[in-house]
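I opened this entry to look up the ligand surroundings, a small sheet and some backbone oddities. The notes follow in the order in which I made them.

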Amino acid sequence: MQTTLNAVDLPVAPAANNAVEEIAAVEKKEYRDAMAHLGSAVNIITTDGPAGRAGFTASAVCSVTDSPPTLLVCLNRSASVYPVFKENQVLCVNTLADCHESLSNLFGGKTPMEQRFAAAEWARLATGSPVLTDALVSFDCKVTQVTSVGTHDILICEAVALRRNDERHGLVYFDRRYHPLMRQSAC
Ligand SMILES: NC(=O)C1=CN([C@@H]2O[C@H](COP(=O)(O)OP(=O)(O)OC[C@H]3O[C@@H](n4cnc5c(N)ncnc54)[C@H](O)[C@@H]3O)[C@@H](O)[C@H]2O)C=CC1
Ligand SMILES: Cc1cc2nc3c(=O)[nH]c(=O)nc-3n(C[C@H](O)[C@H](O)[C@H](O)COP(=O)(O)O)c2cc1C
């Protein structure tokens, strides 16, 4: 026999509340040390529009749904680029290849914006956001929703154009270092 539990009938145990408090008490350093164990792709997020051109390095990027084709990008509201992204409402997610380690550092540091863009070649697709010509893949997007969580804004982005490079190797950020990620060679 199948039993259906109604949420309103469940008792609220004090132990459950304590458990939630324990999870919330994880220290920032402990959390970051743990997150350093998660390997992720590295991306340069770019924009251009009424507020000007800007770009930053991001590992907090994730696919959300393919209908409509949507991904998310987490941006720290204290970043120098934040007001530019907020106003332009378009962006391009350029996923980096194995040769892009120094470019990633350039867009992740305190380098002036012109110096960041001078270090690579850029094209444009639909939105006008800079597309890194030798990126592994570029997702040209319009920002459709923004949600603030803690220090960051989650930018929900709908892809309106794509560009892929099927030959290049990938780049992974893991344990606070970059690692090349090789394609399996056809043999
Ligand atoms: N989501 C973010 O905002 C990220 C920011 N960064 C920044 O890049 C620099 C270098 O990073 P790491 O060498 O990996 O050293 P780290 O010790 O600052 O970060 C370790 C890991 O914690 C996470 N993390 C770091 N800062 C975060 C933040 N403000 N909000 C949410 N998650 C965060 C990331 O997964 C990162 O790989 C740092 O200044 C870091 O704050 C790096 C990765 C992600
Ligand atoms: C590997 C790496 C990944 C990063 N990922 C993110 C991210 O997902 N979100 C974010 O807001 N900042 C991230 N950052 C930090 C930004 O790139 C950095 O704050 C940004 O370039 C703004 O710097 P600025 O304020 O000096 O311009 C990352 C940095 C590095 C090196």
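Before sorting any shell by class I fixed the terms: Ala, Val, Leu, Ile, Met, Phe, Trp, Tyr, Cys and Pro count as nonpolar, Asp, Glu, Lys and Arg as charged, and the others, Gly among them, as polar. I also note that this is a predicted model.

**Ligand 1**

I listed the residues around ligand 1 and found Arg32, Met35, Ala36, Ser59, Ala60, Cys74, Asn76, Gly108, Thr151 and Arg176. Helix 2 (28–35) and strand 5 are the elements that give two or more residues to this shell. Sorted by class, the shell around ligand 1 has four nonpolar, four polar and two charged residues.

**Ligand 2**

I then turned to ligand 2, which has 17 residues around it. Which are the closest to ligand 2? I read off Ala58, Ala60, Asn76, Ser80 and Gly108. Two or more residues each come from strand 3 (54–58), strand 5 (69–76) and helix 4 (101–108). By class I have ten nonpolar, six polar and one charged in the shell around ligand 2.

**Sheet 1-11-12**

Next I looked up an open sheet of three strands, with the order 1-11-12 and antiparallel pairing. Strand 1 (40–41) and strand 12 (177–181) are at the edges with a single partner strand each, so one side of each has no neighbour in the sheet. Between strand 1 and strand 11 (residues 170–174) I find two bridges in the antiparallel sense. Within strand 11, valine 172 is the residue opposite alanine 41.

**Backbone**

I checked the backbone against the usual pattern: most residues other than glycine have a negative phi, and most peptide bonds are trans.

The peptide bond from serine 67 to proline 68 is cis, and I note its omega as near -5°. Proline 68 is in the loop between strand 4 (61–66) and strand 5.

Glutamine 89, not a glycine, has a positive phi of about 60°. I place glutamine 89 in the loop between helix 3 (82–88) and strand 6 (90–95).

Arginine 176 is also not a glycine and has a positive phi of about 65°. I place arginine 176 in the loop between strand 11 and strand 12, and I had already listed Arg176 around ligand 1.

Are these two buried, partly exposed or exposed? Glutamine 89 has 18 other C-beta atoms within 10 Å, so I enter it as partly exposed. Arginine 176 has 8 C-beta neighbours inside 10 Å and therefore goes down as exposed, the limit for that class being 12 or fewer.

Technical notes:
Residues numbered from 1 in each chain as written. Chains lettered and ligands numbered in written order. Predicted model: local features only at pLDDT ≥ 70, side-chain atom pairs only at ≥ 80, totals over all residues. Pairing = 2+ DSSP bridges. Helix = DSSP H or I, 4+ residues; strand = E, 2+ residues; numbered from the N terminus. Near = placed C-beta within 6 Å. Buried ≥ 20, exposed ≤ 12 C-beta atoms within 10 Å, placed from the backbone.
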